[in-house]
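Biologist: I'm new to this, so could you walk me through reading a protein structure? I'd like to begin with how strands are arranged.

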Amino acid sequence: MKIKVVYLLISLMILTIFLIGCTENSSGKTGSQDSNPVMNATGTSTGQKLQTDKSNTVDNSDSGLKDSKTSNTFFNIRIVPVSELEKLQKEMSSDEYLVKNDDNTIIGIVSSKGLTIRGDLVQLERNSGNAGKEFDKEDVMLHLLDITFGLDNAKIKLFKADKKYKFWLDGHYTDSEVKFVKNLSILFNSLSGTTQFEDEEVTLGFLQTNYDVIPNNFYNIKIITDKMLQQYYDDKKKDSDHLIKNSNGELIGIVNDEYIYLLNTLSEEDQQYYILKGLLYSMGLHGVSYKNTESFFYRNEGMNRELSDLDKEAIKLLYGGSLKTGNTLEDAKKTFGLET
């Protein structure tokens with residue numbers, strides 16, 4: 001769902017409530033609170049249900065029949081504090097989806113039954129507009145070179161662009177990880193001008209489809225036990241595999257061009273951090289930043305767990321079409337017009 005479309009839907013919903021309230025007040029109706037829904041910013045909805053089709057209500061009072069068959073449709077709209085919205089995110093059902101603004105900030109949750117939005121939305125958008133950062137083109141280029149070329153990455157290796165990628169989760173994955181990678185698809189697609197991910201669904205469980213006849217490149221996220229991870233490391237490890245270790249030097253994951261294997265004992269927060277870290281590595285981002293303290297790639301690993309604005313600009317450049325798989329550091333500098 002495109003952001004501008006979401007904003008339009010939200011505006012229409014709020015406008016509908018306002019118009020209904022005005023109409024009922026002007027006509028002198030004094031019925032129950034449900035007939036005049038009013039949203040407040042404390043996390044409650046005094047109306048709680050919005051009646052959108054009054055014209056089709058069947059009046060059976062004269063016939064003696066019970067008024068059990070109506071065409072009323074109800075859509076619940078709530079305005080809640082940010083803290084409440086964060087709690088609701090953890091309890092989302094399969095019918096609910098996150099709504100984000102252009103800065104990828106979560107502003108609400110929408111489903112077929114209702115919409116929940118944060119109460120500080122106006123202030124958030126105002127601050128967002130004022131806080132937008134503009135980067136010098138050369139700064140973006142230099143940051144990209146820092147976070148792309150690491151000790152093990154003499155040449156760029158990008159995701160392919162001939163087929164759409166698709167996340168494939170198997171092992172001990174949870175609903176939380178499924179939702180997280182769906183959001184990663186949307187984020188990646190907003191930054192990439194070449195490669196794209198399927199952002200409507202994720203392949204789950206054992207993959208039986210023949211790779212040769214499907215229009216996808218699968219990126220496999222395998223959540224496994226310590227024993228299975230160790231067995232893979234001992235028996236099947238490839239020379240191109242990159243090992244992920246925790247602060248104690250213990251093996252917690254393995255990542256390569258098209259997959260990442262992670263321990264199932266990691267916390268939800270760490271699980272999501274390392275999924276993002278592994279995906280970025282597979283995308284060709286193997287380096288670190290020593291000066292951009294807000295960067296996800298800052299040398300103090302784990303200090304920043306989301307991409308900074310500068311990181312996003314660098315990824316746009318990496319997947320903008322000017323750089324190719326096999327380019328060296330010197331090739332990249334020439335492409336950017338930098339001194340070699």
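Modeller: Sure! Keep in mind that this is a predicted model. For a sheet, you read off the order of its strands and how they pair. Here an open sheet of 6 strands has the order β6-β5-β7-β10-β9-β8, and the pairing is mixed.

Biologist: Which are the edge strands?

Modeller: They are β6 and β8, the latter covering residues 242-245, and each of them pairs on one side only.

Biologist: How many bridges join β8 to β9, and in which direction do the two run?

Modeller: There are 4 bridges between β8 and β9 (residues 251-255), and these strands run antiparallel. For one of the partners, look at I244: its bridge partner in β9 is G253.

Biologist: What about helices? Which strands does α5 lie across?

Modeller: Helix α5 lies across β5, β6 and β7, and runs at about 165° to β5. Then there's helix α6 (residues 226-235), which lies across β7, β8, β9 and β10 (259-263). That helix runs at about 55° to β9.

Biologist: Now the rings. How many aromatic pairs does the structure hold?

Modeller: It holds 17 aromatic pairs. To read a pair, you check the distance between ring centres and the angle between planes. Take F167 and F197: they're 4.5 Å centre to centre with 20° between the planes, and the pair is stacked.

Biologist: Why does that pair tie together parts that are apart in sequence?

Modeller: Because F167 lies in strand β5 (residues 164-171), while F197 lies in the loop between α5 (175-191) and β6 (203-204), the pair ties together parts 30 residues apart in sequence.

Biologist: Are these two residues buried or exposed?

Modeller: F167 is buried, with a relative accessible area of 1%. F197 is buried as well, also with a relative accessible area of 1%.

Biologist: And what sort of pair do F167 and Y219 form?

Modeller: Their ring centres are 5.9 Å apart and the planes sit at 90°, so this pair is edge-to-face. Since F167 is in strand β5 and Y219 in strand β7 (residues 216-224), the pair ties together parts 52 residues apart in sequence. Both F167 and Y219 are buried.

Biologist: Which residues form the aromatic cluster?

Modeller: F159, Y165, F167, F188, F197, Y219 and Y319 form one cluster.

Biologist: One last thing: where do charged ends sit over rings?

Modeller: Look for the charged end of K222, which sits over the ring of W168, 5.8 Å from its centre. Then find R305: its charged end sits over the ring of Y273, 4.4 Å from the centre.

Terms used: Residues are numbered from 1 along each chain as its sequence is written. This is a predicted model: local features need pLDDT of at least 70, side-chain atom pairs count only at pLDDT 80 or more; totals for chains, interfaces and linings use all residues. Side-chain values use heavy atoms; hydrogens and water are left out. Rings of Phe, Tyr and Trp (its six-membered ring) pair if their centres lie within 6.5 Å; planes under 30 degrees apart count as stacked, over 60 as edge-to-face and the rest as tilted. Buried means under 20% relative accessible area, exposed over 50%, partly exposed in between (1.4 Å probe, protein chains only). A charge sits over a ring if NZ of Lys or CZ of Arg is within 6 Å of the ring centre and within 35 degrees of the ring normal. Two strands pair if DSSP finds at least two bridges between them. Contact means heavy atoms within 4.5 Å. Axes are lines fitted to C-alpha atoms, for helices over the stretch in contact, and angles run from 0 to 180 degrees between N-to-C directions.
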